[in-house]
Amino acid sequence: MPSMTVNERPIRFDMDPETPLLWALRDAANLTGTKYGCGNGDCGACMVLVDGEALRSCLITIAEAEGRQITTIEGLSRDRSHPVQQAMVAEQAIQCGFCTPGIVIAAAALIARNADPSDADIKQAIPNLCRCGVYPRLIAAVKRAGRVARRVERISAAPAPGIDARDAAASVPAMRPADEDSR
Ligand code: FES
Ligand code: FES
């Protein structure tokens, strides 16, 4: 039974050791922030940190992840305060959001080793596919995240966690909670 640390908690998966890590995280650990895009290593939507390196979890078996430190998007920060999360929101580098967890993980790994990346560094480190085409804003966001990590800029862009759905929808009539119309 492969054991590993996921978001700082020890986990043992009672599953076939050849199960892709992506399946185990999503279906067994209920960590659905990590996305299934292609299942084939092409899109990067499934990226997680494995001992600090951004890897495609659809290509790693849980046997291969044995004993490793896994960080998913849920574990990157407790309050969405990671510089990449803040900068992605501030630069509006999110459209549908499906690619975003994988991109944030890849960007976090880059910023951890190089907080002042060039455009070329970013393109090389973040090969993730985005069907919405956020690429120009992504470059700006990663550079801004680097400035935050280097402490030459401060931002506080992401909303606080735990917002009540009714409050979140208050200024967006089309997104009113479903039960509101029945009252
Ligand atoms: S789902 Fe893993 S690379 Fe696309
Ligand atoms: S924001 Fe939609 S796929 Fe990237």
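From the N terminus on, the elements of this protein follow the order β-β-α-β-β-β-α-α-α-α-α. The model is predicted. The exercises below treat its overall make-up, its core, its helix packing and two loop residues.

**Exercise 1. Overall make-up**

Determine how many helices and strands the protein has, and what percentage of its residues count as buried.

*Solution.* The secondary structure comprises six helices and five strands. Of the 183 residues, 38% count as buried. As for contacts between residues at least 6 apart in sequence, 61% of them join residues at least 24 apart.

**Exercise 2. The largest nonpolar core**

Identify the residues that touch the most other members of the largest nonpolar core, and the elements that supply this core.

*Solution.* Step 1. The core holds 46 residues, and Val104, Ile105, Ala106 and Ala107 are those touching the most other members.

Step 2. At least two core residues come from each of β1 (3-6), α1 (21-28), β3 (47-50), β4 (53-56), α2 (83-90), α3 (100-113) and α5 (135-149). The largest share, nine residues, is that of α3.

Step 3. Domain 1 (3-75) and domain 2 (83-149) each contribute at least three residues to this core.

Step 4. Take Ala107 as an example: leaving aside residues up to four places away in sequence, Ala107 touches Val84, Ile126, Val142 and Ala145.

**Exercise 3. Two helix pairs**

Classify the packing of α3 on α5 and of α2 on α5, and list the residues that make each contact.

*Solution.* Step 1. Two packed helices are described by the angle between their axes and the distance between the axes.

Step 2. For α3 and α5, the angle is about 45° and the axes lie 10 Å apart. This angle makes α3 oblique to α5, and α3 passes α5 in a right-handed crossing. On the α3 side the contact involves Ile103, Ala107, Leu110 and Ile111, and on the α5 side Leu138, Val142, Ala145, Gly146 and Ala149.

Step 3. For α2 and α5, the angle is about 135° and the axes lie 8 Å apart. Here too the class is oblique, α2 relative to α5, because 135° falls outside the ranges under 35, 65 to 115 and over 145 degrees. The crossing of α2 past α5 is right-handed. Pro83, Val84, Gln86, Ala87, Met88 and Ala90 of α2 meet Ala141, Arg144, Ala145, Val148 and Ala149 of α5.

**Exercise 4. The setting of Ile122**

Decide whether Ile122 is buried or exposed, and state which residues Ile122 touches beyond four places away in sequence.

*Solution.* Step 1. Ile122 is found in helix α4 (residues 119-125).

Step 2. Ile122 has 22 other C-beta atoms within 10 Å and is therefore buried, since the cut-off is 20 or more.

Step 3. Not counting residues up to four places away in sequence, Ile122 touches Leu110, Pro117, Ile139 and Val142.

Step 4. Ile122 and Leu138 are separated by 16 residues in sequence, while their C-alpha atoms are 9.0 Å apart in space.

**Exercise 5. Positive phi in two loops**

Locate Glu8 and Asp51, give the phi of each, and establish whether each is buried or exposed.

*Solution.* Step 1. Glu8 is in the loop between β1 and β2 (9-12). Although not a glycine, Glu8 has a positive phi of about 70°. Glu8 counts as exposed because it has 9 C-beta neighbours inside 10 Å.

Step 2. Asp51 is in the loop between β3 and β4. Asp51, also not a glycine, has a positive phi of about 50°. With 12 C-beta neighbours inside 10 Å, Asp51 counts as exposed, since the class covers 12 or fewer.

How values were computed:
Residues numbered from 1 in each chain as written. Chains lettered and ligands numbered in written order. Predicted model: local features only at pLDDT ≥ 70, side-chain atom pairs only at ≥ 80, totals over all residues. Core = buried A, V, L, I, M, F, W, Y, C linked by C-beta atoms within 7 Å. Helix = DSSP H or I, 4+ residues; strand = E, 2+ residues; numbered from the N terminus. Domains from an automatic or database assignment. Contact = placed C-beta atoms within 7 Å. Axes fitted to C-alpha atoms, helices over the stretch in contact; angles between N-to-C directions. Left-handed = near helix turned anticlockwise from the far one by under 90°.
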